[in-house]
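Let's take a walk through this model together. We'll start with the whole chain, then move on to a few local features and the ligand.

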Amino acid sequence: MKECTCFGRSAHGCSVVSHGCSVVSHRCSVVHACSAILPIFANGIIHNSLTLHLTKLSLINFKNYAQQDVEFSARINCIMGSNGSGKTNLLDAIHYLSFCKSFFNPVDGQNILHDAPFMVIQGIYDAEGAEEKIYCGLKRNQKKQFKRNQLEYARLSDHIGLFPLVMVSPSDVDLIMEGSDCRRRFIDSVICQFNKKYLDTLVYYNKILFQRNATLRGFSERGVFDRDALEVWDVQMVDSGEKIHGWRKSFISDFIPTFKRHYEYISGAKETVDILYDSQLNEAGFGMKLKEAVEKDRAFQYSTVGIHRDDLTFNIGNYPIKKFGSQGQQKSFLLALKLAEFDFISNIKGLPPLLLLDDIFDKLDETRVKRLMELVSSEKFGQIFITDTHPDRIAGMFQQDAPEVKRFKVENGNIN
Ligand SMILES: Nc1ncnc2c1ncn2[C@@H]1O[C@H](COP(=O)(O)OP(=O)(O)OP(=O)(O)O)[C@@H](O)[C@H]1O
Ligand SMILES: [Mg+2]
């Protein structure tokens, strides 16, 4: 009998017999392939209807919060306050506890309250009835400390994925408006959460790509060309690139139906939307594409084909949503993307991620807002945090005396 390493139970050391059993039923077709590599569900066991929620958050010197303790509802938390009061910062602190970093500012030191010497973010979670304490501490110009139940992580990547979370933010609009790297990052960030080999393969691919590009530049500087030297990189790039392409392709084909279903629901089936996976590797094998592109690569001095050029096309009624979608349609599209991400992670982990909805009401009409709120109030969602600048609007959405709804008023870095 081995000790179960699944959530909550591992922290308390009780042993569970269920090892060697096959993966239990799941709605998502990718679950079976990837469940075995999730740290939280090591041994290939997935538990349906697990629960996870943040019960208490303590902040010291985090952004505009000098000192703050908050106790949350296990279900719906409404965070209200005027512009600049600290609503998004509160969500960002929760994001830190799941991803060991800010959703917005990658420079950790800049998240410390101005002129303060350090910051601390602490969260107490209820994971299947077991208490989990997460600590993140940072002194200016020092290394960040990250602990789970008093034990410091050797590698922060061991923590990511254990406390699943999906953030919906106004900055998601970059996915539509900005370059292809944003959309690749989105795909990568979702796949990384369930396929541990993905990140290593991607890092390896990028390393080889960097070397291949340096070789091409070197040829140009020295006025030479050595096809054999280039092919050394090609072999390694093909292997890792084709793996990434296969993983992305299968993820996207699983993801699209869920995404479409969410859009249809939010919009009341008013419009049709689609996502297309654009990859040069859809057309032919990577090795062949690299051979065909040699002269072009020589002229451009960088690699013009590969999965580093992959993109997603976002369409509404067969036209690009970037150019032809209204602001509300774009917002609905992004919400559907994030809700599909939520479903995906939820199915894979066997528990609903925390859902952070920052400023979602802007640009959405009343019907869409109502549908969205009905959706997130449904059973399959777990703990939710919603921010709004209008106290009346958010209050009106849920029954005043509903015990699972908690309201917070934020004023200048203070929560009541
Ligand atoms: N490191 C920091 N130290 C002190 N204050 C900070 C720091 N980083 C950000 N702030 C401040 O935190 C305040 C609150 O920001 P936040 O984004 O949480 O506001 P908000 O309530 O979400 O507002 P909005 O309704 O406009 O979205 C801002 O005034 C911002 O300048
Ligand atoms: Mg905000």
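Keep in mind that what you're looking at is a predicted model. The protein chain runs to 416 residues, and 38% of them count as buried. Its secondary structure comes to 13 helices and 15 strands. To get a feel for how the chain folds back on itself, take the contacts between residues at least 6 apart in sequence: 72% of these join residues at least 24 apart.

Now for one of the helices. Follow α7, which covers residues 227–267, and you'll find a kink of about 30° at F255. The proline P257 comes shortly after that kink. Just past the end of α7 sits G268, with a positive phi of about 70°.

Further along, have a look at a little sheet. Three strands make it up, in the order β9-β10-β11, with antiparallel pairing, and the sheet is open. The edges belong to β9 (273–278) and β11 (319–320); each has a single partner strand, so one side of each is left without a neighbour in the sheet. Between β9 and β10 (residues 311–316), the antiparallel pairing extends over six bridges. If you want a spot to zoom in on, L276 stands opposite T313 in β10.

Finally, the ligand. Which residues come nearest to ligand 1? Of the 17 around it, those are N64, N83, K87, T88 and N89. What is the make-up of the shell as a whole, in nonpolar, polar and charged residues? The shell around ligand 1 has 12 polar residues, three charged and two nonpolar.

Key
Residues are numbered from 1 along each chain as its sequence is written. Chains are lettered from A and ligands numbered from 1 in the order in which they are written. This is a predicted model: local features need pLDDT of at least 70, side-chain atom pairs count only at pLDDT 80 or more; totals for chains, interfaces and linings use all residues. A residue is near a molecule or strand if its C-beta atom, placed from the backbone, lies within 6 Å of it. Ala, Val, Leu, Ile, Met, Phe, Trp, Tyr, Cys and Pro count as nonpolar, Asp, Glu, Lys and Arg as charged, and the others, Gly among them, as polar. Helices (H or I, at least four residues) and strands (E, at least two) are DSSP runs, numbered from the N terminus. A residue is buried if 20 or more other C-beta atoms lie within 10 Å of its own, exposed if 12 or fewer, and partly exposed in between; C-beta atoms are placed from the backbone. Two residues are in contact if their C-beta atoms, placed from the backbone, lie within 7 Å. Two strands pair if DSSP finds at least two bridges between them. The bend at a residue is the angle between axes fitted to the seven residues ending there and the seven starting there.
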